[in-house]
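Biologist: Could you pick one part of this model and take me through it closely? I'd like to hear which pieces sit against which.

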Amino acid sequence: MENYINKSIKNGKLIINDSVVHDETDDKYYEFQMITGNEIPVFLSCSKIFLDETEQYVYDVNSMICLSELAKKKSLTGDELNILIESVCSCQEMIKSYLLSPEGLILDPDFVFFERSKKTFRYAFFPWDNEDTYSSYTKLAEFLLSAIDYSDEQAIDMGYDIYASILNKDYDLSKFLIKDTEKEVTESIEDVHISIDTEEKKERKRLNTFSVVCISINSLIFILMLTVFLWSRRLFRLWILFVNLNYSKIDGMIILRIKRRIL
C-alpha cells in the first residue's frame, strides 16, 4: 500500500496525516518511540492521535515562526544563515546519538521553525517521511539561495558553498560554520518575530474597538427606543385623562339641564 503523507499547520500545531497505520511491528516504530519518549534538543515534541481512520502526528509549534515566513519579512544575513546551519548540524548529531534515520528529518522551509524563547530553530522528525535525504537537503539549499541577503558577502559565500556541498551529497555542513554570531542573529530574528506579533495585536485591537463601537451604538439605539416607548405611554395616559375630564364635564352639564327642566 502506497503511503500518502500530508503536512499542515493549524492552531499552533504542525499536523502530519499518514494514510498508513504504524505499530510496534514496523521497523521504524523504534524511532517514533525515541522522539516521543525523549526531549531531544532542536526536535519538536510529537504525539500521535487517530482521526477519521488516519494517523495524525501532532507537533507543538505555538508561538513559533516558520523559516519561509521569516524569509518573507527579511533576507537572511550571513550570521543568520550561520545560526540556521548550526541548528541543522545539531539535528545531525542528535540523529546519530539516538540511532535515527536521516530521512526522517524534515527540512522543508514551511515546516522549520524559529523558537524565540529559546533563540533557536526547531525541526520535526517523522520516521516515515517519503522524501529522501538528497531531495530534502537540496530543496533547503535552493531555498536559502533565494532567501539570503545578496548585499552580504558572507551570506553569498555560505549559501553557494552549502549548495555545492549538497549537490555533491556531502551533508556535513559544520565546516561552513562561523563562531560567535548567535547573539546578534537571534536579536535580529527576534525583532522580526516581535514585529509580526505587534501586527497581530494591532489587528486584534482594531477588531475589539470595532466591536465596542457596535455595542455602544446598539445600546444607544435601545435606550432611545425605550425612552420613546416610555414617553408614548405617558402621553397616552395624559390623553386618556384629558378625555375622561371632558366627558365628566359634559355629563355634568347634561345632568344640570335635566334638573332645571324638572324644577
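Modeller: Let's settle one word before anything else: a contact means heavy atoms within 4.5 Å. This is a predicted model, so to speak of local features I need pLDDT of at least 70, and side-chain atom pairs count only at pLDDT 80 or more, while totals for chains, interfaces and linings use all residues. Residues are numbered from 1 along each chain as its sequence is written, and side-chain values use heavy atoms, with hydrogens and water left out.

The part I'd pick is the sheet of strands 5, 6 and 7, together with the helices around it. Some context helps. The chain comes to 6 helices and 7 strands, where helices (H or I, at least four residues) and strands (E, at least two) are DSSP runs numbered from the N terminus. Along the sequence they come in the pattern β-β-α-β-β-β-α-α-β-β-α-α-α. Mean pLDDT, the predictor's confidence in each residue on a scale from 0 to 100, is 81 for the chain, with 69% of residues at 70 or more. Among the elements, helix 4 (residues 133–147) has the highest mean at 95, and helix 6 (residues 182–262) the lowest at 60.

Now the sheet. It is an open one of 3 strands, in the order 5-6-7, with antiparallel pairing. Strand 5 (64–66) and strand 7 are the edges, each pairing on one side only. From one strand to the next, the twist averages 35 degrees; such angles run from 0 to 180 degrees between N-to-C directions, with axes being lines fitted to C-alpha atoms, for helices over the stretch in contact. As for pairing, two strands pair if DSSP finds at least two bridges between them. Strand 6 (residues 112–115) and strand 7 (residues 120–123) run antiparallel and share 4 bridges. Within that ladder, F114 has F121 as its bridge partner, and V112 stands opposite Y123.

The turn between these two strands deserves a look. Their hairpin leaves 4 residues between the strands, and K119 is in that loop. Its phi is near 50 degrees, a positive value in a residue other than glycine. Most residues other than glycine have a negative phi. How buried or exposed is K119? At 32% relative accessibility, K119 is partly exposed, which on this scale is the middle class: buried is under 20% relative accessible area, exposed is over 50%, and partly exposed is in between (1.4 Å probe, protein chains only).

What lies over the sheet? Helix 3 (residues 78–97) lies across strand 6 and strand 7, at about 45 degrees to strand 7. The loop from helix 3 to strand 6 holds L99, another residue other than glycine with a positive phi, near 55 degrees. L99 is exposed, at 61% relative accessible area.

Next comes the core. A nonpolar core is a set of buried Ala, Val, Leu, Ile, Met, Phe, Trp, Tyr and Cys residues joined through side-chain atoms within 4.5 Å. The largest has 59 residues, and F121 and Y123 from our ladder are among those with the most contacts inside it, alongside F43, Y59, L105 and L173. Helix 3 gives the most to this core, 9 residues.

Helix 4 rounds out the picture. Its 15 residues reach 21 Å from first C-alpha to last, close to the expected 21 Å, where the expected span is 1.5 Å times one less than the number of residues. Buried residues in helix 4 include Y137, L140, F143 and L144, and the buried set packs against helix 2 (67–73), helix 3 and helix 5 (153–167). From the helix 2 side, S68 is buried, with 11% relative accessible area. Beyond its neighbours within four places in sequence, S68 touches P109, D110 and F143.

For comparison, look over at helix 1 (residues 29–37), whose buried residues are Y29, E31, F32, M34 and I35. Strand 3 (46–51) and strand 4 (54–60) are among what covers them.

Zooming out, 37% of the chain's 263 residues are buried. Of the contacts with a separation of 6 or more, 70% join residues 24 or more positions apart.
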